[in-house]
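Reader: I'd like to learn how to read the strands, helices and charged pairs of a model. Could you take me through them one at a time?

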Amino acid sequence: MEAIQHRTVEVNGIKMHVAEKGEGPVVLFLHGFPELWYSWRHQILALSSLGYRAVAPDLRGYGDTDAPSSVTSYTCFHIVGDIVALIDSLGVDQVFLVAHDWGAMIGWFLCLFRPERIKAYVCLSVPFLPRNPKVKPVDGMRALYGDDYYICRFQEAGKAEAEFGKSSAELVIKNVLTSRRPGPPILPKEGIGSHPDPNATTRPLPSWLTQEDLTYYGSKFEKTGFTGGLNYYRNLNLNWELTAPWTGAQVKVPVKFITGDLDVVYTSLGMKDYIESGAFKKDVPNLEEVVVQEGVAHFNNQEAAEDTSKHIYDFIKKF
């Protein structure tokens with residue numbers, strides 16, 4: 001990938017793998033599930049060519065970064081602690097933050113806990129989720145969508161891993177990345193891998209995903225498995241308990257939000273209404289722009305890479 005540098009940094013008691021390229025103000029990229037630094041390959045090249053230092057770690061539990069064995073080592077405080085230590089290691093006071101999916105959720109926590117470290121935040125797919133003091137998140141999701149809603153199914157340690165294990169890591173990644181069905185992901189009762197799509201192996205890849213990309217993801221997840229990433233979901237209720245002091249807190253960082261109109265997050269959990277009704281802007285008063293990309297699904301940083309990179313640059317260049 002055109003001279004992207006790789007190194008390992010010690011942060012918050014773990015070794016973290018970081019990919020970076022370029023010189024200038026730091027743009028820090030946080031990936032989601034089930035992904036890696038590699039999800040930002042297009043943005044790293046684009047932003048580094050425009051005078052920025054693009055930095056993309058494998059988050060705790062992923063790729064070439066350490067994966068602590070305890071489920072409770074994956075709370076929002078652990079992950080934000082890793083990121084703050086990473087920012088310190090870069091020798092800068094502030095960064096531009098760009099994050100997607102679980103990375104976006106960690107991004108919101110980072111903006112809540114340490115706003116002085118973030119110049120501006122470009123958030124992809126997952127808007128700010130204000131804490132409801134009356135309902136734990138997983139309980140609320142179960143009430144809304146039932147036990148087979150993917151986040152509910154991910155709760156039990158080992159269960160989703162066993163289901164994923166019925167097919168190759170590469171095929172799991174292919175199925176997740178190329179899914180274009182909007183609305184809440186409800187999994188088949190018999191198990192995620194029980195009805196592998198007979199056409200999945202032969203279905204042609206979309207233009208934005210190559211076999212080389214899939215091979216890279218597959219090779220890393222064959223080695224690590226999916227437990228690290230799944231443990232983020234297993235801490236949703238614990239994060240809720242731990243963040244009680246931030247009930248009602250606003251995020252004051254300048255924000256641009258970008259999603260696809262086919263995104264599974266945008267099209268479930270009442271997110272579209274939350275974003276369009278003005279409630280999102282109330283929780284994030286410096287939300288400056290909302291972009292909805294037409295015909296684009298969840299992985300917009302890869303599917304609509306050029307458009308997404310342009311949106312990121314157009315926002316951060318103002319600061």
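Reader: Which strand pairs with strand 3 over three bridges, and in what sense?

Author: Two strands pair if DSSP finds at least two bridges between them. Here strand 3 pairs with strand 4 (residues 53-57) in the parallel sense, over three bridges. L28 stands opposite V55 in strand 4. The chain gets from strand 3 to strand 4 through helix 1 (residues 41-48), and this β-α-β crossover is right-handed. Right-handed means that, with the strands pointing away from the viewer, the path from the first strand over the helix to the second runs clockwise.

Reader: How are the elements numbered, and what sort of model is this?

Author: Helices (H or I, at least four residues) and strands (E, at least two) are DSSP runs, numbered from the N terminus. This is a predicted model, where local features need pLDDT of at least 70 and side-chain atom pairs count only at pLDDT 80 or more, while totals for chains, interfaces and linings use all residues. Residues are numbered from 1 along each chain as its sequence is written, and side-chain values use heavy atoms, with hydrogens and water left out.

Reader: Which strand pairs with strand 3 over four bridges?

Author: That is strand 5 (residues 95-100), again in the parallel sense. The bridge partner of F29 in strand 5 is V98.

Reader: Are the faces of strand 3 covered or open?

Author: Burial is judged by relative accessible area: buried is under 20%, exposed is over 50%, and partly exposed is in between (1.4 Å probe, protein chains only). In strand 3 (residues 26-30), five of its five residues are buried. V26, L28 and L30 lie on one side, V27 and F29 on the other, so to speak a covered strand on both faces.

Reader: What is the strand order of the sheet?

Author: The open sheet has eight strands in the order 1-2-4-3-5-6-7-8, with mixed pairing. Strand 1 (5-11) and strand 8 (287-293) stand at the edges with a single partner strand each, so one side of each has no neighbour in the sheet. From one strand to the next, the twist averages 20°.

Reader: Which strands does helix 1 lie across?

Author: Contact means heavy atoms within 4.5 Å. Axes are lines fitted to C-alpha atoms, for helices over the stretch in contact, and angles run from 0 to 180 degrees between N-to-C directions. Helix 1 lies across strand 2 (14-21), strand 3 and strand 4, at about 55° to strand 2. Helix 14 (residues 305-316) lies across strands including strand 3 and strand 6 (118-124), running at about 155° to strand 6.

Reader: How many salt bridges does a search of the whole structure find?

Author: A salt bridge is a side-chain nitrogen of Lys or Arg within 4 Å of a carboxyl oxygen of Asp or Glu. The search finds 20 of them. One of them joins D148 and R153 (2.9 Å, N to O). D148 counts as buried at 13% relative accessibility, and R153 does too, at 6%. Both belong to a network of salt bridges with E163 and K189.

Reader: What about a pair inside one helix?

Author: An α-helix has 3.6 residues a turn, so residues three or four places apart point the same way. D314 and K310 are four residues apart in helix 14, about one helical turn, and their side chains meet in a salt bridge (2.8 Å, N to O). D314 is partly exposed at 25%, whereas K310 is exposed at 52%.
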